[in-house]
Amino acid sequence: MGGSESKGASPPEFNSPWRPMSWEKGVLEQKLRDFNLNKSKFQFVRILVVGEVGAGKSSFINSVNNAFQGRITSGALVDGIGGTSFTKIYKTHYIEGKDGSPLPFVFNDIMGLEDKESGAHEQDVIKALRGFLQEGYKFNPASPLSPNDPGYRSNPSVEDQTFCLVNIIAADKVSLMHDGVFEKLKKIRQEATNLNIPQVIVMTRPDLACPLVKCNIRKIYTSKKIKEKMQECSNRLGIPMNHIFPVKNYHEEIDTNNDMDVLILKAVDQIVNIAADAMKEISHGQHE
Ligand SMILES: Nc1nc2c(ncn2[C@@H]2O[C@H](COP(=O)(O)OP(=O)(O)OP(=O)(O)O)[C@@H](O)[C@H]2O)c(=O)[nH]1
Ligand SMILES: [Mg+2]
């Protein structure tokens, strides 16, 4: 028996999860609802999502909102066809709290990156990091925004700046991504590093990379395929594994569900805390 086992293909999953995970939503959700930027004079911490066209940026922002609202929402429109970037406008997405006022973290959605001259210009994304893009700015792949253009905010406040750069990478596409897209991501990351802005990866579409996860999302940290894809994201972007969070976005569901929400909220919890720490530094005058 032992002999035939050792000759067979290795099993697709680990015996136990390699990252400990509680599937209890309530505590996590409440922790995020109670999150506040206490003592700091800022109302919002801004989180910017970047990534290749069709990686799931808008879906992630919607999924976060769904997890808080307990229903499917569509604040950030999502592509059903694919191809060139569906999102073309720079927009802030707020999450409504129980009392109707927005939670103190906001997400900015942008146009997707593409190889060569298409997609969002990396200089525009870099401007978004620093708060120079006005709400409603329409991305123009052919020419990045310059200071005299409408859409340019010349005097950004601290709240207009980004405090966590979230790289969205699709698990099923990471191996197929063009070097050109990674080059752009690298330039954006370098600028973020210069500005002391922390960076994470949210790895989307795990269900399309691993059949185990498609059947049962709780297999996310026992699936060898998912760990391998996270490692690939880490290697190609130079972001450590402990800053990579896999999530399955809402895309075909008509109701929310506990396990998807837990992964989404877990990612948000990490992101928000990382962003708040970065913001704290700036209020202590260590930023720039
Ligand atoms: N199966 C599956 N599909 C997903 C997931 N996340 C996103 N999608 C699908 O992937 C496609 C692209 O998603 P979008 O959210 O529009 O991607 P985007 O990064 O905003 O794309 P652009 O705005 O075009 O740059 C859509 O068809 C989504 O339904 C996921 O976790 N699993
Ligand atoms: Mg989009």
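## Helix α4 and its end

Just after α4, Gly 131 adopts a positive phi of about 90°. Helices are DSSP runs of H or I with at least four residues, strands are runs of E with at least two, and both are numbered from the N terminus. The model is predicted: local features need pLDDT of at least 70, side-chain atom pairs count only at pLDDT 80 or more, and totals for chains, interfaces and linings use all residues. Residues are numbered from 1 along each chain as its sequence is written, chains are lettered from A and ligands numbered from 1 in the order in which they are written, and side-chain values use heavy atoms, with hydrogens and water left out.

Helix α4 is mostly covered, with 7 of its 9 residues buried. Buried means under 20% relative accessible area, exposed means over 50%, and partly exposed lies in between, with a 1.4 Å probe and protein chains only. The buried residues are Glu 122, Asp 124, Val 125, Ile 126, Lys 127, Ala 128 and Leu 129. Their cover includes β1, β4 and α5 (179-194), where contact means heavy atoms within 4.5 Å.

## Magnesium site

The magnesium ion (ligand 2) has two protein donors, Ser 58 through OG and Thr 87 through OG1, at 2.0 to 2.1 Å. Ser 58 belongs to helix α3 (residues 57-69) and Thr 87 to the loop between α3 and β2 (91-93), so the pair ties together parts that are 29 residues apart in sequence. Donors are N, O and S atoms within 2.8 Å of the metal (3.2 Å for Na, K and Ca); water is not among the atoms, so sites may look incomplete.

Both donor residues are covered by the protein: Ser 58 is buried at a relative accessible area of 8%, and Thr 87 counts as buried at 15%.

## Surroundings of ligand 1

Ligand 1 is surrounded by 20 residues, the closest being Lys 57, Ser 59, Phe 86, Thr 87 and Asp 207. A residue is near a molecule or strand if one of its heavy atoms lies within 4 Å of it. Thr 87 is thus among the closest residues to ligand 1 and also a donor of the magnesium ion.

Oxygen atoms of ligand 1 have several polar contacts, that is, pairs of N or O atoms within 3.5 Å; within protein, one must be able to donate a hydrogen and the other to accept it, and residues adjacent in sequence count only if both atoms are side-chain atoms. A side-chain N or O atom of Lys 57 is 2.7 Å from an oxygen atom of the ligand. For a polar side-chain atom of Arg 205, the distance to a ligand oxygen atom is 2.8 Å. Ala 55 takes part through a backbone N or O atom, 3.2 Å from an oxygen atom of ligand 1.

## Aromatic pairs

Rings of Phe, Tyr and Trp (its six-membered ring) pair if their centres lie within 6.5 Å; planes under 30 degrees apart count as stacked, over 60 as edge-to-face and the rest as tilted. The count by this rule is 7 aromatic pairs. One of them joins Phe 44 and Tyr 94 edge-to-face, at 5.4 Å centre to centre and 65° between the planes. Phe 44 lies in the loop between α2 (25-34) and β1 (45-51) and Tyr 94 in the loop between β2 and β3 (105-109), so this pair ties together parts that are 50 residues apart in sequence. Phe 44 is buried at 11% relative accessible area, whereas Tyr 94 is partly exposed at 46%.

Phe 132 and Tyr 152 form a stacked pair, 5.3 Å centre to centre with 10° between the planes. Phe 132 and Tyr 152 both sit in the loop between α4 (122-130) and β4 (164-170), so the pair ties together parts that are 20 residues apart in sequence. Phe 132 and Tyr 152 are both buried. Elsewhere, ring pairs link Phe 35, Phe 68 and Phe 105 into a cluster. Lys 227 lies over the face of Trp 18, 4.8 Å from the ring centre; a charge sits over a ring if NZ of Lys or CZ of Arg is within 6 Å of the ring centre and within 35 degrees of the ring normal.

## Residues in α3 and α8

Asn 62 is placed in helix α3 and is buried at 8% relative accessible area. Leaving aside residues up to four places away in sequence, Asn 62 touches Thr 73, Ser 74, Gly 75, Ala 76 and Val 78.

Ala 276 lies in helix α8 and is buried, with a relative accessible area of 11%. Not counting residues up to four places away in sequence, Ala 276 touches Phe 35, Leu 37 and Val 45. Glu 281 is also found in α8 (residues 258-283), where it is partly exposed at 38%.
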